[in-house]
Amino acid sequence: MSSAPTPGRVDPTDHIDIGVIGGSGLYAFLPNFAEVRLTTPFGDPSDAVHIGEVAGRQVAFLSRHGRGHRYPAHLVNYRANVWALRSLGVRQVVAAGAVGSLRPEHGAGTIVVPDQIIDRTWGREHTVYGDLGATVHVGLADPFCPSGRTAALRAAGDQGHLPVVDGGTILVINGPRFSTRAEAAWHRQAGASVVGMTSMPEAAIARELALCYTSLCLVTDLDAGVGPDDAVTHAGFMEVFRENIGAFAALVGQVVAQLPEPEQDQAAGCACRHSVDGLSLPFALP
């Protein structure tokens, strides 16, 4: 990034349909922004929300782990983060994150746009409805927005710099530690393509709040036992992330530009925003 982001003021009449959740390195895709601090029924989100313009679209960016990466994956307030974005008007979420690969052919620097999830997290708040004693069952058979995936794959194909994988399963572990060799072998046998720490319950909460949710994964390493250099380390992970963050941030901006306008999304038959239609909710959504 050539210059530091410039804080500004938020116009309350702005229509902010798109939200991006990702690491602090992704601030580069939003060079000029207005900062908004919010609270929610579930507490404060990880950080202030930054609002700016990308390709003529108003976008709200939230650092999943907060500035300085102060919240590890198992301590992120996913409910507050997703609720905060919806309260600003967001209806489409692009979730960007780093993952390890369970397939030797998907090496470091690969972009994966998954279409399925296996959840192996525990101890996290997985629903916005449970605190009130209400039972709300929301379908999650297809956890990622089809319109969002189409936009992400189109943008990823156009950028021509990082290899792209269409589809696959992301298996979400609790972290913050990496997998053992036995666990990684188990995850491969389960059919997972990549392993991460943040897509759940983020994707499920987005569905509970009737949001489109698209995952964009940057492979930073091969998981234990997958390749010859299979000792996953934090230092190695960060080195690859730093090498690719510029291209990854640019790609996120390109995905935003490709996302359909709300009326186009409805016309295309996207069902994400109808996920709670007909259900008895204990409160009105923001």
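This report walks through a predicted model, from its confidence to its helix H1, its strand pairing, its cysteines and its salt bridges.

**Confidence**

The protein chain has an average pLDDT of 88, and 88% of the residues reach a score of at least 70. The stretch to treat with care is residues 1-10, where pLDDT stays under 50. For those residues the model has 17 contacts beyond four places in sequence.

**Helix H1 and the cores**

Let us begin with H1, which spans residues 78-87. Nine of the 10 residues in H1 are buried, leaving the helix mostly covered. Two arginines, Arg79 and Arg86, are among the buried residues, along with Tyr78, Asn81 and Trp83. The buried residues of H1 pack against strand E2 (18-22), E4, E5 and H4.

Which residues touch the most other members of the largest nonpolar core? They are Ala60, Val82, Leu85, Ile117, Ile170, Leu209 and Tyr213, in a core of 49 residues. Several elements each supply at least two residues of this core, including H1, strand E4 (49-54), strand E5 (57-63), helix H4 (199-208) and strand E12 (212-222). There is also a second, separate core of 30 residues, and Val59, Phe61, Val256 and Leu259 are included in it.

Valine 82 gives a closer view of the packing around H1. Leaving out residues up to four places away in sequence, valine 82 touches Ile21, Glu202, Ile205, Ala206, Leu209 and Leu211. Keep Glu202 in mind, as this residue returns among the salt bridges.

**Glycine 89, after the helix**

Glycine 89 sits in the loop that connects H1 with strand E6 (92-101). Just after the helix, this glycine adopts a positive phi of about 110 degrees. Is glycine 89 buried or partly exposed? Its relative accessibility is 23%, so it counts as partly exposed. Apart from neighbours within four places in sequence, glycine 89 is in contact with Ile16 and Asp17. The C-alpha atoms of glycine 89 and isoleucine 16 are 5.5 Å apart, although 73 residues separate the two in sequence.

**Strand E6 and its partners**

Past that loop comes E6, which is mostly covered, with nine of its 10 residues buried. E6 pairs with E2 in the parallel sense over four bridges, and glycine 19 stands opposite valine 93 there. E6 and E12 also run parallel, joined by 10 bridges; glutamine 92 has cysteine 212 in E12 as its bridge partner. With E11 the sense is antiparallel, over two bridges, and serine 101 is matched with valine 194 in E11.

**Cysteines**

Cysteine 212 leads us to the sulfur atoms. How many disulfides does a search of the whole structure find? It finds zero. A disulfide is a covalent bond between the sulfur atoms of two cysteines. The sulfur of cysteine 212 has its closest cysteine sulfur, that of cysteine 270, at 3.5 Å, which is too far for a bond. For cysteine 145 the closest cysteine sulfur is again in cysteine 270, at 3.6 Å, also too far for a bond. The cut-off used here is 2.5 Å. Cysteine 145 is buried, with a relative accessible area of 0%, and cysteine 212 is buried as well, at 2% relative accessibility.

**Salt bridges**

The structure holds eight salt bridges. Three of them are set out here, with the distance between nitrogen and oxygen.

| Arg residue | Glu residue | N to O distance |
|---|---|---|
| Arginine 37 | Glutamate 35 | 3.9 Å |
| Arginine 67 | Glutamate 35 | 3.3 Å |
| Arginine 64 | Glutamate 202 | 3.0 Å |

Arginine 67 belongs to the loop between E5 and H1, and glutamate 35 to strand E3 (residues 32-36), so their salt bridge ties together parts 32 residues apart in sequence. Arginine 67 is partly exposed at 35% relative accessible area, glutamate 35 is partly exposed at 34%, and arginine 37 is exposed at 60%. Glu35, Arg37 and Arg67 join Asp47 in a network of salt bridges.

The pair of glutamate 202 and arginine 64 has a different setting. Because glutamate 202 lies in helix H4 and arginine 64 in the loop between E5 and H1, this pair ties together parts 138 residues apart in sequence. Glutamate 202 is buried, with a relative accessible area of 0%, and arginine 64 is buried too, at 3%.

Conventions. Residues are numbered from 1 along each chain as its sequence is written. This is a predicted model: local features need pLDDT of at least 70, side-chain atom pairs count only at pLDDT 80 or more; totals for chains, interfaces and linings use all residues. Side-chain values use heavy atoms; hydrogens and water are left out. Buried means under 20% relative accessible area, exposed over 50%, partly exposed in between (1.4 Å probe, protein chains only). Contact means heavy atoms within 4.5 Å. A nonpolar core is a set of buried Ala, Val, Leu, Ile, Met, Phe, Trp, Tyr and Cys residues joined through side-chain atoms within 4.5 Å. pLDDT is the predictor's confidence in each residue, from 0 to 100. Two strands pair if DSSP finds at least two bridges between them. A salt bridge is a side-chain nitrogen of Lys or Arg within 4 Å of a carboxyl oxygen of Asp or Glu.
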